[in-house]
Amino acid sequence: MASRVISADPYELEFDLKTAALLIIDMQRDFVEPGGFGESLGNDVSILRKAIAPTKLVLEACRKLGVMVVHTREGHRPDLTDCPPSKMARGRPKRKIGDDGAMGRLLVRGAKGHDIVPELYPVSGEVVIDKPGKGAFYATDLELILRNANIKTLIVCGVTTEVCVNTSVREANDRGFNCVVLEDCVGSYFPEFQSAGLAMIKAQGGIFGWVSNSKNALQALTK
Ligand code: C5J
């Protein structure tokens with residue numbers, strides 16, 4: 001018997017606290033703060049910041065309950081040997097991955113911009129996954145860590161909805177994890193991609209997973 005039920009689309013999802021993990025995708029300064037990689041691609045980063053406050057509430061609840069917390073960071077080694085040249089060139093940005101930005105080298109591990117925003121900063125014992133791609137499972141040990149912890153359900157927050165969140169949810173779904181994405185805890189630079197990204201996940205009876213929100217998550221977690 002599952003100990004928790006979260007109200008969600010397309011229908012409620014049952015889960016257990018012991019086999020659930022909170023997965024926070026790429027809440028890095030480079031995506032949500034001015035001067036970072038997201039802005040270098042021409043995006044208005046302020047729109048993503050709305051996801052920080054509700055994610056913080058869910059994060060705090062998970063911490064209190066001892067639910068596993070996993071943070072991811074998109075980025076590359078300082079020598080960029082793990083960055084495909086195609087990724088670096090894509091979009092013909094005025095500043096590329098590895099170039100100097102206002103918060104250090106863009107999307108490079110160790111730079112200030114690559115790190116997680118202070119509001120959601122990992123605490124001791126939380127897992128931090130450094131990923132070179134959009135998906136959290138690609139070229140990382142995330143699956144091994146989740147399997148070793150007997151995790152079945154992922155409560156998903158982060159940015160951006162249609163890129164790294166969607167890619168990671170699809171990867172997780174193919175590996176047999178149930179994902180519930182909290183719509184106010186994920187963000188896109190493009191409102192139309194926010195709604196399309198969420199609609200794709202829950203379409204066709206939840207083809208990739210479930211969509212809910214922070215209020216429902218908090219109710220389910222702290223019932
Ligand atoms: C992007 C991400 N959008 N974390 N990364 O390049 O979604």
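Visitor: How far is a nitrogen atom of the ligand from an N or O atom in the side chain of Asp26?
Guide: That distance is 2.8 Å. A polar contact is a pair of N or O atoms within 3.5 Å. This is a predicted model, where local features need pLDDT of at least 70, side-chain atom pairs count only at pLDDT 80 or more, and totals for chains, interfaces and linings use all residues. Residues are numbered from 1 along each chain as its sequence is written, and side-chain values use heavy atoms, with hydrogens and water left out.

Visitor: What about Glu74?
Guide: A polar side-chain atom of Glu74 is 2.9 Å from a nitrogen atom of the ligand.

Visitor: And which atom of Thr160 pairs with a ligand oxygen?
Guide: A polar backbone atom, at 2.9 Å.

Visitor: Which residues are around the ligand?
Guide: Asp26, Phe31, Glu74, Lys134, Val159, Thr160, Val163 and Cys164. Each has a heavy atom within 4 Å of the ligand.

Visitor: New topic. How many disulfides does the structure hold?
Guide: Zero. A disulfide is a pair of cysteine sulfur atoms within 2.5 Å.

Visitor: Why is Cys157 not bonded to Cys185?
Guide: Because the sulfur of Cys185, the closest cysteine sulfur, is 4.1 Å from that of Cys157, too far for a bond.

Visitor: Is Cys157 buried or exposed?
Guide: Buried, with a relative accessible area of 0%. Buried means under 20%, exposed over 50%, partly exposed in between, with a 1.4 Å probe and protein chains only.

Visitor: Where is the cysteine sulfur nearest to Cys179?
Guide: In Cys157, 12 Å away, and Cys179 is in no disulfide. Cys179 is buried too, with a relative accessible area of 1%.

Terms used
Polar contact = N/O pair within 3.5 Å; in protein donor to acceptor, adjacent residues only side chain to side chain.
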